[in-house]
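Good morning, colleagues. Please turn to the sequence and structure on the screen.

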Amino acid sequence: MTRFVWVIDLIKQGQGFPCLFHFITGLYCPGCGGTRAIRALFHGEILKSFCYHPFVLYAVIAVMVETGYFAVGMAQGLKNRKGGFQKRYARWVLVAAWIVGVNWVVKNGFLLMGVDLLERLGG
């Protein structure tokens, strides 16, 4: 019952709903820290955002790079060119999966050793 009260208190304080996976298992899910990373990025704290969850910064960079490719392609009149994005997309996804996986293993590894990295960052 005390965990339920804790969840209600967090929601009332405006901190949002806690991660259900973390709530049940005590471990971080692969996405834990993502919301805090977005919030830090919106406040201009790029390093803190990266430390919360590196995927958020990676996604922003990926969107910027692909937007640049698209803009250059449109400027050159190559909007019907096929194959470039599909090849890059596979690499983007592979790197994203690697980032999420490594982040998950590292955060939970430290957590199992008694070091809560997200708490140390202030979240």
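I shall speak about the nonpolar cores, a salt bridge, one helix and the cysteines.

Please bear in mind throughout that this is a predicted model.

I begin with the interior. The largest nonpolar core is made up of nine residues. Two tyrosines belong to this core, Tyr28 and Tyr52, together with the cysteines Cys29 and Cys32. The remaining members are Ala37, Ala40, Val56, Leu111 and Leu118. Another core, of five residues, lies apart from that one, and its members include Tyr58, Ala62, Trp92 and Ile99.

Tyr28 deserves a closer look. Leaving aside residues up to four places away in sequence, Tyr28 touches Leu111 and Leu118, both of which are also listed in the largest core. Its other contacts counted in this way are Phe21, His22, Trp104, Lys107, Asn108, Asp116 and Glu119.

I turn next to charged side chains. How many salt bridges does the model contain? The count comes to one. In this salt bridge the side chains of Glu66 and Arg88 meet, at 2.8 Å from N to O. Glu66 belongs to helix α5, residues 54–75, and Arg88 to helix α6, residues 84–112, so the bridge ties together parts that are 22 residues apart in sequence. Are these two partners buried or exposed? Glu66 has 15% relative accessibility and therefore counts as buried. Arg88, at 17%, counts as buried as well.

Now to helix α3, which spans residues 34–42. Its buried residues are Gly34, Arg36, Ala37 and Ala40. These residues cover an arc of only 160 degrees around the axis, which means that they sit on the same side of α3. Thr35 and Phe42, on the other side of α3, are exposed. What covers the buried residues of this helix? The covering elements include α4, residues 46–52, as well as α5 and α7, the last of these being residues 117–120. Two of the buried residues, Ala37 and Ala40, are members of the largest nonpolar core. Just after α3, Gly44 adopts a positive phi of about 80 degrees.

Finally, the cysteines. The structure holds zero disulfides. Cys32, one of the residues in the largest core, has 6% relative accessibility and so counts as buried. Why is Cys51 classed as partly exposed? The reason is its relative accessibility of 35%, because that class lies between the limits of 20% for buried and 50% for exposed.

Thank you for your attention.

Notes: Residues numbered from 1 in each chain as written. Predicted model: local features only at pLDDT ≥ 70, side-chain atom pairs only at ≥ 80, totals over all residues. Heavy atoms only, no water. Disulfide = S-S within 2.5 Å. Buried < 20%, exposed > 50% of the residue type's maximum accessible area, 1.4 Å probe, protein only. Core = buried A, V, L, I, M, F, W, Y, C linked by side-chain atoms within 4.5 Å. Contact = heavy atoms within 4.5 Å. Salt bridge = Lys/Arg side-chain N within 4 Å of Asp/Glu carboxyl O. Helix = DSSP H or I, 4+ residues; strand = E, 2+ residues; numbered from the N terminus. Arc of directions from axis to C-beta.
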